[in-house]
Amino acid sequence: MARLRQKYPHVVRSADERRSVEQFTMNAALNMSRSWHLSTHIHNVCRDARDLVYTRQQDVKYWLEKGSVFDVFPQSLNVTDLQSCSSTTDPWQPCACSYRLNLEWFPCQLKYCRGQGSNPYKCGIKSCSKGYRFDFYMPHKQLCLWDEDNYYP
């Protein structure tokens, strides 16, 4: 690990490669009180959530196949048919809320440089940036105050 030490750790770095935004549609809701079956961390990380934890249908299917026991609300949440909360004018209308997360710099692979002749050599670590977007159902626009189109590129 000592060989991966940065020469100038105080420098603000920008990524060598920008990867595409990965989008997740959270179309299932789990009962918050039973979510500890999946992870003991959910209750701490999602402590502001009173009743529901949003997830994807494919994740629910995977957890059920692995033998997890929890309550899934019977209605499927069709987020794709809803208008985004940022474009909804009625504050009491249901909408699709988005939460965006950007990792601006992370090491993603080795960097190779050209040496004498045709043999490349390892000369550092290539850095990348990546974005994630989570879309989920919100019963009122007023519960989704952070969803703005100009929040992230």
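Why does tryptophan 146 count as partly exposed? The reason is its relative accessibility of 39%, as partly exposed covers the range between buried (under 20% relative accessible area) and exposed (over 50%), with a 1.4 Å probe and protein chains only. The model is a predicted one, in which local features need pLDDT of at least 70 and side-chain atom pairs count only at pLDDT 80 or more, while totals for chains, interfaces and linings use all residues. Residues are numbered from 1 along each chain as its sequence is written, and side-chain values use heavy atoms, leaving out hydrogens and water.

Tryptophan 146 sits in the segment after strand E5 (120–138), strands being DSSP runs of at least two residues, numbered from the N terminus. Leaving aside neighbours within four places in sequence, tryptophan 146 has Cys97, Ser98, Tyr99 and Phe136 in contact (heavy atoms within 4.5 Å). Serine 86 is 60 residues away along the chain, yet the two C-alpha atoms are separated by 8.8 Å.

Two of those contacts, Cys97 and Phe136, turn up again in the largest nonpolar core, alongside Phe24, Met26, Cys85, Cys95, Met138 and Cys144. Such a core is a set of buried Ala, Val, Leu, Ile, Met, Phe, Trp, Tyr and Cys residues joined through side-chain atoms within 4.5 Å. Strands E1 (17–26), E4 (95–114) and E5 each give two or more residues to this core. A second, separate core has six residues, including Ala28, Leu30, Ile42 and Val60.

As for strand E2 (residues 28–31), Ala28 and Leu30 point one way, Ala29 and Asn31 the other, and all are buried.

Definitions and conventions: Helix = DSSP H or I, 4+ residues; strand = E, 2+ residues; numbered from the N terminus.
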